[in-house]
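Trainee: I am new to this structure and would like a close look at a single part of it. Could you take me through the sheet and what surrounds it?

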Amino acid sequence: LTYNGLNNTMKLTLENLSLKDFNQSTIVEIFINHIYGLAKILLPILGGLLLIGLAVSYYQTGFIFSFEALTFDINKLNVITGATRLFSTKSLVKLFFSVLKLLVVGGLAYLIIKKEFKYLIHAFDLSPAQIFGMLTKSMYTLSLRIAAALLILAVLDFFYQKWQYKRSLRMTKQEVKDEGKETEGDPLIKGKIRAVQRQMAMKRMMAAVPTADVVVTNPTHYAVALKYESTVMKSPTVVAKGADLLAMRIKDIAKKHNIPLVEDKPLAQTLYKTVETGKEIPQKLYYAVAKVLSYVYQLKKERKRI
């Protein structure tokens with residue numbers, strides 16, 4: 001069908017070249033015949049492409065029918081939003097490429113027609129076959145150059161779209177903050193949770209002071225409560241420690257429960273800085289702590305005798 005339409009259109013064009021009397025009705029008739037012939041040529045091609053496009057779309061997403069796009073939305077009438085979308089970077093780049101394509105196609109067509117114009121003015125002296133050959137050559141040259149130019153523009157547009165896509169995947173600073181809140185929690189809430197955890201740990205530590213065997217002091221800046229049970233522990237354990245006001249609280253609790261206070265500045269500082277609460281003392285401190293505990297145990301024996 002396409003071949004027959006192209007054949008008929010070509011015959012009609014060549015037959016009309018031999019007409020000498022051109023008037024308005026003749027021109028209109030020729031124009032209508034050409035439109036009809038071109039429609040028969042293009043409709044099968046365009047119809048086939050349309051069917052292929054519909055088939056590919058159906059394969060990718062299935063059949064989707066929705067009136068959502070037709071729903072009235074007052075925000076669509078917002079002039080500021082529309083102007084922002086119209087003059088966005090993406091829209092301006094699309095406009096630039098469209099204008100560039102138009103200039104390229106128009107410029108190439110002008111240059112080729114200008115080059116072939118000197119031959120076209122003598123076309124009336126040529127035979128229909130020669131005219132057809134000349135036009136075919138000109139159209140082929142024009143199509144080839146336009147295709148090459150559009151290919152270059154397509155490559156540039158491809159790299160731009162790829163760059164734009166990667167850029168669109170990046171998160172803004174606010175999005176990074178929001179994601180951090182979602183994955184790790186709100187910093188304010190986390191701070192409150194840590195504060196509550198510190199208070200609970202403080203209460204547990206203060207509750208463990210009455211169970212200590214001795215409190216080693218600085219005497220004013222540090223206080224470290226030690227406990228040792230040979231059947232349970234491998235070595236003495238720090239059950240509570242504190243500095244300044246917290247050290248005073250530990251000492252007050254120790255006095256209320258008759259826990260011995262031993263002043264040893266180097267040992268108190270070392271225990272406070274190197275041993276965490278609930279951890280056993282390191283081997284290098286065994287001797288110093290053993291001396292303190294030996295003194296405490298001896299003191300307890302003397303109290304029992306009294």
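Mentor: In this predicted model, four strands form an open sheet, and their order across it is 3-2-1-4, with mixed pairing. The edge positions are held by strand 3, residues 237-243, and strand 4, residues 261-263; each of these has a single partner strand, so one side of each is left without a neighbour in the sheet. From one strand to the next, the twist averages 25 degrees.

Within the sheet, strand 2, which covers residues 222-227, pairs with strand 3 in the antiparallel sense, and the pairing extends over six bridges. If you follow strand 2 to valine 224, you will find that its bridge partner in strand 3 is lysine 241.

Two helices can then be added to the picture. Helix 8, made of residues 245-256, packs on the sheet and touches strand 1 (214-217), strand 2, strand 3 and strand 4, while its direction makes about 125 degrees with that of strand 3. Helix 9, made of residues 265-274, lies across strand 1, strand 2, strand 3 and strand 4, and runs at about 80 degrees to strand 2.

The loop between strand 1 and strand 2 contains asparagine 218, which has a relative accessibility of 5% and therefore counts as buried, the limit being under 20%. Leaving out residues up to four places away in sequence, asparagine 218 touches Glu263, Lys265, Ala268 and Gln269; of these, Glu263 belongs to the stretch 261-263 of strand 4, whereas Lys265, Ala268 and Gln269 fall within residues 265-274 of helix 9.

The nonpolar residues deserve the same attention. The largest nonpolar core has 17 residues, and Leu226 and Leu271 are those with the most contacts inside it. Strand 1, strand 2, helix 9 and helix 10 (286-305) are the elements that give two or more residues to this core, and helix 10 supplies the largest share, four residues. Apart from neighbours within four places in sequence, leucine 226 is in contact with Ala212, Asp213, Val214, Val216, Thr237, Val238, Leu271, Ile281 and Val289. There is also a second, separate core of 16 residues, with Ala212, Ala223, Ala225 and Ala254 among them.

For a contrast with the buried asparagine 218, look at alanine 207, which is placed in helix 7, residues 187-208, and is exposed, with a relative accessible area of 53%. Although alanine 207 and isoleucine 253 are 46 residues apart along the chain, their C-alpha atoms are separated by 9.2 Å.

Key:
Residues are numbered from 1 along each chain as its sequence is written. This is a predicted model: local features need pLDDT of at least 70, side-chain atom pairs count only at pLDDT 80 or more; totals for chains, interfaces and linings use all residues. Side-chain values use heavy atoms; hydrogens and water are left out. Two strands pair if DSSP finds at least two bridges between them. Axes are lines fitted to C-alpha atoms, for helices over the stretch in contact, and angles run from 0 to 180 degrees between N-to-C directions. Contact means heavy atoms within 4.5 Å. Buried means under 20% relative accessible area, exposed over 50%, partly exposed in between (1.4 Å probe, protein chains only). A nonpolar core is a set of buried Ala, Val, Leu, Ile, Met, Phe, Trp, Tyr and Cys residues joined through side-chain atoms within 4.5 Å.
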